[in-house]
Amino acid sequence: MRFRSLSELKRPEPKEVILTNLPQEISMTVYAKTKAFKINDLVREIHQKSYEWYGFTLADRERPEIIADIGLPKNDQNLQDFTTLGPERIVEYHESLPEDIIINGWIHSHGALKYKHFSHTDEENQATVLDFVTARLRWVIAKKEVPIQDLQLLVKGEFEEQELAKGSVSLITDGAISEATIMETIYGGFCYSIVIDDEGWHEQEIHYKERGVLSGYSMVNKKSSGIVFIDSGKSLTEADTALLSKKVEENIQPNINPPPELIERM
Ligand SMILES: [Zn+2]
């Protein structure tokens, strides 16, 4: 057999219907932004020095794509240039939140460091947060064809067990059919990641994870993202700042004599 051109060898693209788009840009309230930079100020004020810290970006369950607030969990160790985030810390913090508030990402500060990028350690932390967030924030984003070569069509009650040895997938229907397209649900999730410093600099990424229920398809990727600040009408009051000071005092734990193996990277 001869093919007229190579293009004839290509299989047709699987059908795909997009049902929901994951966020392509980060939206954050001015309140959340103000609070994030306020934490930097309070760290320096209360702990007399700049330290790295991390927190979670929070959203209303009904609007998971908008960062409405910043949560400051107990940080395991705040060195000047290292901050860690363990899965158990996320779970613990998540359980402390009211039902209608969810975690949609994380934020951390490089403090006074002149390192204006995400680091390798940040990437590891991001993977931890992405797994946690996408396990809870799962959208049906598409239906996608599962291309099946050699689909075997059988009629219920009208075949012998041995016939199942043929075909890569058997579809058993209650009536004779001659064609079938199998489309699987693609679940998708996202997680925001923001890094800031003491001077007002910030950079952000959106991390994505997709999974097909049938084929085992899975995809993880990320992109740099712009950020849009939304005025929600809420501002950081003196009472908010007082509460935040308490959190910074309790939850940021400067370790000024770190064991050498913790003095890190970047
Ligand atoms: Zn970092």
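Me: Helices (H or I, at least four residues) and strands (E, at least two) are DSSP runs, numbered from the N terminus. How many of each does the chain have?
Reply: The chain has 4 helices and 13 strands. This is a predicted model, in which local features need pLDDT of at least 70 and side-chain atom pairs count only at pLDDT 80 or more, while totals for chains, interfaces and linings use all residues. Residues are numbered from 1 along each chain as its sequence is written.

Me: What follows helix 1?
Reply: Gln48 comes just after helix 1 and adopts a positive phi of about 60°.

Me: And how far does helix 1 reach?
Reply: Its 18 residues, 30-47, span 26 Å from first C-alpha to last, close to the expected 26 Å. That expectation is 1.5 Å times one less than the number of residues.

Me: Which of its residues are buried?
Reply: Among them are Tyr31, Ala36, Ile39 and Val43. Buried means that 20 or more other C-beta atoms, placed from the backbone, lie within 10 Å of the residue's own. Across the 266 residues of the chain, 26% are buried.

Me: Switching to the sheet: what is the strand order?
Reply: The order is 4-2-13 in an open sheet of 3 strands with parallel pairing; two strands pair if DSSP finds at least two bridges between them. Strand 4 (66-67) and strand 13 (227-230) are the edges, each pairing on one side only.

Me: How many bridges join strands 2 and 13?
Reply: Strand 2 (residues 26-29) and strand 13 share 4 bridges, and Thr29 stands opposite Ile230.

Conventions:
Contact = placed C-beta atoms within 7 Å. Axes fitted to C-alpha atoms, helices over the stretch in contact; angles between N-to-C directions. Buried ≥ 20, exposed ≤ 12 C-beta atoms within 10 Å, placed from the backbone.
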